[in-house]
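Take a first walk through this structure. Keep the sequence beside the 3D view as you read.

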Amino acid sequence: MDKWKCTVCGYIYDPVAGDPDSGVPENTPFEKLPDDWACPICGATKDQFEKVA
């Protein structure tokens with residue numbers, strides 16, 4: 001599973017860890033995040049993330 005980086009603040013979404021503070025379980029791919037999910041650090045929307053190579 002790919003990691004994704006917030007282009008606003010640099011937060012890395014790691015699908016293995018998920019985002020438990022936002023109710024996203026471990027092993028949730030970025031593509032499966034809810035449409036209204038936002039960066040837990042700065043609030044950026046999903047379209048402001050880029051795949052980390």
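The paragraphs below cover the core, the cysteines and one acidic residue.

Bear in mind that this is a predicted model. Start in the middle. The largest nonpolar core has eleven residues. Aromatic members include Trp 4, Tyr 11, Tyr 13, Phe 30, Trp 37 and Phe 49. Val 24, Leu 33 and Ala 44 belong to this core as well. So do two cysteines, Cys 6 and Cys 39.

Now look around Cys 39. Set aside its neighbours within four places in sequence. Cys 39 then touches Cys 6, Cys 9, Tyr 11, Ala 44 and Phe 49.

How many disulfides does a search of the whole structure find? The search finds zero. Cys 6 is in none, and its nearest cysteine sulfur, that of Cys 42, is 3.7 Å away. A disulfide needs the two sulfur atoms within 2.5 Å, so this pair does not count. Cys 6 is buried, with a relative accessible area of 1%. For Cys 9, the closest cysteine sulfur is in Cys 39. That distance is 3.7 Å, too far for a bond. Cys 9 is partly exposed, at 37% relative accessibility.

Finally, find Asp 19. This residue sits in the loop between strand S2 (12-13) and strand S3 (49-51). Asp 19 is buried, yet it has no salt bridge. The nearest side chain of opposite charge is Lys 46, 12 Å away. A salt bridge requires a distance within 4 Å, so Lys 46 does not qualify. What does Asp 19 contact, leaving aside its neighbours within four places in sequence? Its contacts are Tyr 13, Val 24, Trp 37 and Pro 40. Of these, Tyr 13, Val 24 and Trp 37 are members of the largest nonpolar core.

Methods:
Residues numbered from 1 in each chain as written. Predicted model: local features only at pLDDT ≥ 70, side-chain atom pairs only at ≥ 80, totals over all residues. Heavy atoms only, no water. Core = buried A, V, L, I, M, F, W, Y, C linked by side-chain atoms within 4.5 Å. Buried < 20%, exposed > 50% of the residue type's maximum accessible area, 1.4 Å probe, protein only. Contact = heavy atoms within 4.5 Å. Helix = DSSP H or I, 4+ residues; strand = E, 2+ residues; numbered from the N terminus. Lys, Arg positive; Asp, Glu negative; His and termini not counted.
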